[in-house]
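User: Please take a close look at a single part of this model, the place where two of its helices meet, and describe it in one connected account. I would also like to hear about any unusual backbone geometry in the loops.

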Amino acid sequence: PLYPVCDDAGHLLGVVQGFMLFEHQNFELSAQYGSMVGVDKEEHAATDWIPALRMRHPWLQLNLITAFVAAFVVGMFEDTIAQVVVLAAFLPVLAGQSGNTGCQSLAVTIRALTLDEFKPGVFRQVLAKETLLGTLNGAIVGLVAGIAMIAYAIHAGAAEPVTLGLVVFLAMTGACVASGMTGVLVPVTLQRLGADPATASSIFLTTATDVASMGAFLGLATLLLL
């Protein structure tokens, strides 16, 4: 098909072939995932390493800065980790699960933004749904992780294994709730600020989920165990 292009007065300026619009849409969709992790839309598989390095590296520096935030949170609870060493083994478990929960929410939200599904009132519905899903998924996964923590704590000879399992359960649930909400809030906020909602969303999401999961885990451990 051919699509006419007119000016404001209705005068024909030219035509655009349908296959070109289709190719452009495919390009935008294929570039969306890369934008989420800081890969420029202009980079292709055949792009030379020098411009690829120039386009990618700034986002990695930003990721490093945000990672320091998560490291700072862990450092705040250094004494807790030193006294209850088994906690260290479950830090990546919480970070990984909450991160995956956030990525699921992020993918659905960016798809909705791309398809212009955010009509009036839809944002609150999506946020409520992702919060509920985060709560349910976090509780179910947290129950399994809590049982695993109890077994691991008993095997390692740690004190209060049941309390440790409760800490894992509560922290996992809270972290998944926070990550589900963040997966909605990050791209929507970027769009309202006039930025591409997919641009480096995962970097901000990862920081938020790491801080939420590790902060909740170590904070609860400090409160309930020490």
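Analyst: A helix is here a DSSP run of H or I covering at least four residues, and helices are numbered from the N terminus; the loops are named below by the helices on either side of them. The model is a predicted one.

The part to look at is the contact between helix H4, residues 87–114, and helix H7, residues 201–225. Their axes come within 8 Å and cross at roughly 140°, which makes H4 oblique to H7, since only angles over 145 degrees would count as roughly antiparallel. The crossing of H4 past H7 is right-handed. On the H4 side the contact includes Leu 94, Ser 98, Gly 99, Gly 102, Cys 103 and Leu 106, and among the residues they meet on H7 are Leu 205, Thr 209, Ser 213 and Phe 217. Sorted by class, the residues of this contact are 13 nonpolar, seven polar and one charged.

Two residues of H7 show the contact in detail. Leu 205, which lies in H7, has a relative accessible area of 2% and is therefore buried, the limit being under 20%. Setting aside residues up to four places away in sequence, Leu 205 touches Gly 102, Cys 103 and Leu 106, and also Ser 179, Thr 182 and Gly 183. Between Leu 205 and Gly 99, which are 106 residues apart in sequence, the C-alpha to C-alpha distance is 7.6 Å. Thr 209, also in H7, is buried as well, with a relative accessible area of 2%. Beyond its neighbours within four places in sequence, Thr 209 is in contact with Ser 98, Gly 99 and Ser 179, while a polar atom of its side chain lies 2.9 Å from the backbone oxygen of Thr 206.

As for the loops, most residues other than glycine have a negative phi. Asp 116, in the loop between H4 and helix H5 (122–156), has a positive phi, near 55°. Glu 160, in the loop between H5 and helix H6 (161–192), likewise has a positive phi, near 50°. With a relative accessibility of 43%, Glu 160 counts as partly exposed, because this value falls between the 20% and 50% limits.

Definitions and conventions: Residues numbered from 1 in each chain as written. Predicted model: local features only at pLDDT ≥ 70, side-chain atom pairs only at ≥ 80, totals over all residues. Heavy atoms only, no water. Helix = DSSP H or I, 4+ residues; strand = E, 2+ residues; numbered from the N terminus. Buried < 20%, exposed > 50% of the residue type's maximum accessible area, 1.4 Å probe, protein only. Polar contact = N/O pair within 3.5 Å; in protein donor to acceptor, adjacent residues only side chain to side chain. Contact = heavy atoms within 4.5 Å. Axes fitted to C-alpha atoms, helices over the stretch in contact; angles between N-to-C directions. Parallel < 35°, antiparallel > 145°, perpendicular 65-115°, else oblique. Left-handed = near helix turned anticlockwise from the far one by under 90°. Nonpolar A, V, L, I, M, F, W, Y, C, P; charged D, E, K, R; others polar.
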